[in-house]
Amino acid sequence: MKQKIYIVKIGGALIDDERLLDQFLDQFSGIKEKKILVHGGGKLATTLADKLGIEQKMINGRRITDKDTLDIVTMVYAGGINKNIVEKLQQKKCNAIGFSGADGNLIKAKKREHPEIDFGFVGDINKKSVNRKLVSKLIKLDLVPVFSAITHDKKGNLFNTNADTIASVMAQALSEKYEVELLYCFDKEGVLEDVNDPESVIKSVNEQEFTTLKEEGKLHKGILPKLENALGAIKNNVNKVFLIKETELKNHIENHHAGTEICL
Ligand SMILES: Nc1ncnc2c1ncn2[C@@H]1O[C@H](COP(=O)(O)OP(=O)(O)O)[C@@H](O)[C@H]1O
Ligand SMILES: CC(=O)N[C@@H](CCC(=O)OP(=O)(O)O)C(=O)O
């Protein structure tokens, strides 16, 4: 039987809130099984770029990343946020170790090619991009890897890669060896029928239902790339995929179902 591993992704809003982040990391460090944390931090990067007067542009949930923006996101994701999370986990007796995709060649990306839009230093990845052997070795050593949204091409370039995509691809890459449960933790209760009504959680979403919800105009902004990545994971042999509220991590793991389950 395959060993169970949780791959947990957290994003912008949570990382911005020190108290909420601390509560979340308490719940995360309490997971008894093997685990990996993937974090974004898009909101903080936008705040810093605004302070520095560097205009930011998002297209399809991806940040147009020129050289100045790459410097900012590298500092914010692979620097400040990653080290802050690792230190907080260490304080909670969880032996975390922080990485960008360049460290140990853990995640190799290709520059995003698009016929009309130049995304700049944005890296695309797939499950072959992940250095599975090294990730498995780290896990065997009882270390808890914490990944930021920075990747590289091994040719001298760092890239900015959507953190939801990193979590999905990491889950796909590890699924051959582990029984993977991928948890997207964010600020809503799950996928909502009405984004303003926390009671309107949709218990499960498959590809067909995703298309219908999109056509009905019920999904906007960040939830779109999140669901695309979640569906990508379930289609590529990841055992279980859920979108849950960040405060529900412990409850989800102990009581086995909070939020929205992504289905085939
Ligand atoms: N139907 C929906 N259900 C849940 N969230 C939705 C929905 N439509 C839009 N959203 C928005 O998507 C956001 C989540 O995406 P995003 O902000 O990118 O998350 P993160 O930064 O945590 O990855 C929610 O905060 C919410 O505002
Ligand atoms: C290419 C690209 O768009 N990268 C993302 C990476 C950070 C991220 O995904 O952050 P959240 O999970 O907090 O949204 C960005 O710079 O916003």
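A polar contact is a pair of N or O atoms within 3.5 Å. The views below use this cut-off and show a predicted model.

**View 1. Polar contacts of ligand 2.** A polar side-chain atom of N160 is placed 2.9 Å from an oxygen atom of ligand 2. This pair falls within 3.5 Å and therefore meets the cut-off for a polar contact. Y77 also offers a polar side-chain atom, at 2.7 Å from an oxygen atom of ligand 2. At G42 the partner is a polar backbone atom, which is 3.1 Å from an oxygen atom of the ligand. On its own, ligand 2 has 430 Å² of accessible area, and the protein covers 89% of that area.

**View 2. The shell around ligand 2.** Ligand 2 is surrounded by 17 residues. K9, G12, G41, R63 and Y77 are the closest of them. By class, the shell holds five nonpolar, nine polar and three charged residues. Y77, one of the closest residues, also supplies the side-chain atom at 2.7 Å shown in View 1.

**View 3. The largest pocket.** Ligand 2 takes up space that belongs to the largest pocket. The volume of this pocket is about 1200 Å³. Its lining is made of 45 residues, and D164, K221, G222, I223 and K226 lie nearest the centre of the pocket. Elements that give two or more residues to the lining include the strands β1 (3–10), β3 (58–59), β4 (62–63) and β11 (178–186). The helices α1 (12–16), α3 (42–51), α6 (163–174) and α8 (223–235) likewise give two or more residues each. Helix α8 provides the largest share of the lining, with five residues. The lining of the largest pocket divides into 18 nonpolar, 15 polar and 12 charged residues.

**View 4. The second largest pocket.** This pocket has a volume of about 270 Å³. It is lined by 14 residues, with K108, A109, K110, D124 and S129 the closest to its centre. Nine residues of this lining are charged, three are nonpolar and two are polar.

**View 5. The two ends of helix α7.** Helix α7 spans residues 207–215. At its start, a side-chain oxygen of N206 comes to within 3.2 Å of the backbone nitrogen of Q208. Just after α7, G217 adopts a positive phi of about 75°.

Technical notes: Residues numbered from 1 in each chain as written. Chains lettered and ligands numbered in written order. Predicted model: local features only at pLDDT ≥ 70, side-chain atom pairs only at ≥ 80, totals over all residues. Heavy atoms only, no water. Near = heavy atom within 4 Å. Polar contact = N/O pair within 3.5 Å; in protein donor to acceptor, adjacent residues only side chain to side chain. Areas by Shrake-Rupley, 256 points an atom, 1.4 Å probe, with all protein chains shown as cover. 1 Å grid on protein atoms, 1.4 Å probe; cavity = no way out; pocket = protein on both sides within 12 Å on 5 of 7 lines; lining within 4 Å. Sits in = over half its atoms within 2 Å of the grid points. Nonpolar A, V, L, I, M, F, W, Y, C, P; charged D, E, K, R; others polar. Points joined across faces, edges and corners; volume = space filled by probe spheres on them. Helix = DSSP H or I, 4+ residues; strand = E, 2+ residues; numbered from the N terminus.
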